[in-house]
Amino acid sequence: MAQVSSKEQKSEIERVVDLDRMGASGAALEIVASDSERAALARRFGFLGLPAFSARVTVDRRAGGQVVVEGRLRGRIVQACILTLDPVTQELDEAFRVVFKRDLAEERDPESGEALLSAQIDAPEPLQGNLLDIGEIVAEQLSLAADPYPRRPGVKLEDVLPKPRQGGRPGRNEQRRHPFAGLAALRDKPRRGR
């Protein structure tokens, strides 16, 4: 995650920090996404729009080979309502913290070989090399902060479901037809040739 490699695709909002050149006091970044960066992020995450997006981030070294990236995202996301597909705006103001650690072996599932995630909140992620793409970390945090089920205020599921036909459900005096009633009739029908 968020580490710069020649094989990987470039991030939409790339901001690379060289950890070997970072001073003892760490690094501070003010990221304000350009129009093209916001448009690319909106496409990547399936937003209708991203009219505003910025982040303030600090990168600090800690004892034991840890690198801590902390920051705050601010912005505005426009997504499609899951019920009506109308535009829904979400204001962002989210803090985040990601910890990396050098020489940390990634745990892998013995059967599938896929990387395993730790359930600990502050579990460090492996850090290889000396370059860290802070822009990609910010982009990933944006995707986590976005509402996974945006809904226009006041809209209920009943508002978008088809209306029942001719009175809807059977009344108290009406008997409800069982879905397998047709099969029962076939079972009880006498067979030919026996």
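This section describes the salt bridges and one nonpolar surface patch of a predicted model.

A search of the whole structure finds 13 salt bridges. Side chains of opposite charge can pair when their charged atoms come close. Three of the individual pairs and one network are described below.

Asp-18 and Arg-21 are joined through their side chains in a salt bridge, with an N to O distance of 3.7 Å. This distance falls inside the 4 Å limit applied to such pairs. Asp-18 has a relative accessibility of 21% and therefore counts as partly exposed, since the buried class is reserved for values under 20%. Arg-21, at 73% relative accessibility, is classed as exposed, because that class begins over 50%.

A salt bridge also connects Asp-93 with Arg-74, and their closest N and O atoms are 3.5 Å apart. Asp-93 belongs to strand E5 (residues 87-102) and Arg-74 to strand E4 (residues 66-80), so the pair ties together parts that are 19 residues apart in sequence. Both residues are assigned to the partly exposed class, Asp-93 with a relative accessibility of 43% and Arg-74 with a relative accessible area of 41%.

In the salt bridge between Arg-152 and Asp-86, the closest N and O atoms lie 2.3 Å apart. This pair links distant parts of the chain, 66 residues apart. Arg-152 is located in the loop between helix H2 (134-145) and H3, whereas Asp-86 is located in the loop between E4 and E5. Arg-152 is partly exposed at 34% relative accessibility, and Asp-86 is likewise partly exposed, at 28%.

Beyond these pairs, salt bridges link Glu-12, Arg-44 and Glu-136 in a network.

Turning to the nonpolar surface, Leu-157, Val-160 and Leu-161 make a patch of about 240 Å². One of these residues, Val-160, is found in helix H3, which spans residues 157-160. The relative accessibility of Val-160 is 37%, and Val-160 therefore counts as partly exposed. This value also meets the requirement for patch membership, because residues of a patch must have over 30% relative accessible area.

In summary, the salt bridges described include a pair between strands E4 and E5, Asp-93 with Arg-74, and a pair between two loops, Arg-152 with Asp-86. The nonpolar patch is made by Leu-157, Val-160 and Leu-161.

How values were computed
Residues are numbered from 1 along each chain as its sequence is written. This is a predicted model: local features need pLDDT of at least 70, side-chain atom pairs count only at pLDDT 80 or more; totals for chains, interfaces and linings use all residues. Side-chain values use heavy atoms; hydrogens and water are left out. Patches are made of residues with over 30% relative accessible area and no salt bridge: like charges are joined within 9 Å, nonpolar side chains (Val, Leu, Ile, Met, Phe, Trp, Tyr) within 5 Å. Accessible areas come from the Shrake-Rupley method with a 1.4 Å probe; for residues, only the protein chains shown count as cover. Helices (H or I, at least four residues) and strands (E, at least two) are DSSP runs, numbered from the N terminus. Buried means under 20% relative accessible area, exposed over 50%, partly exposed in between (1.4 Å probe, protein chains only).
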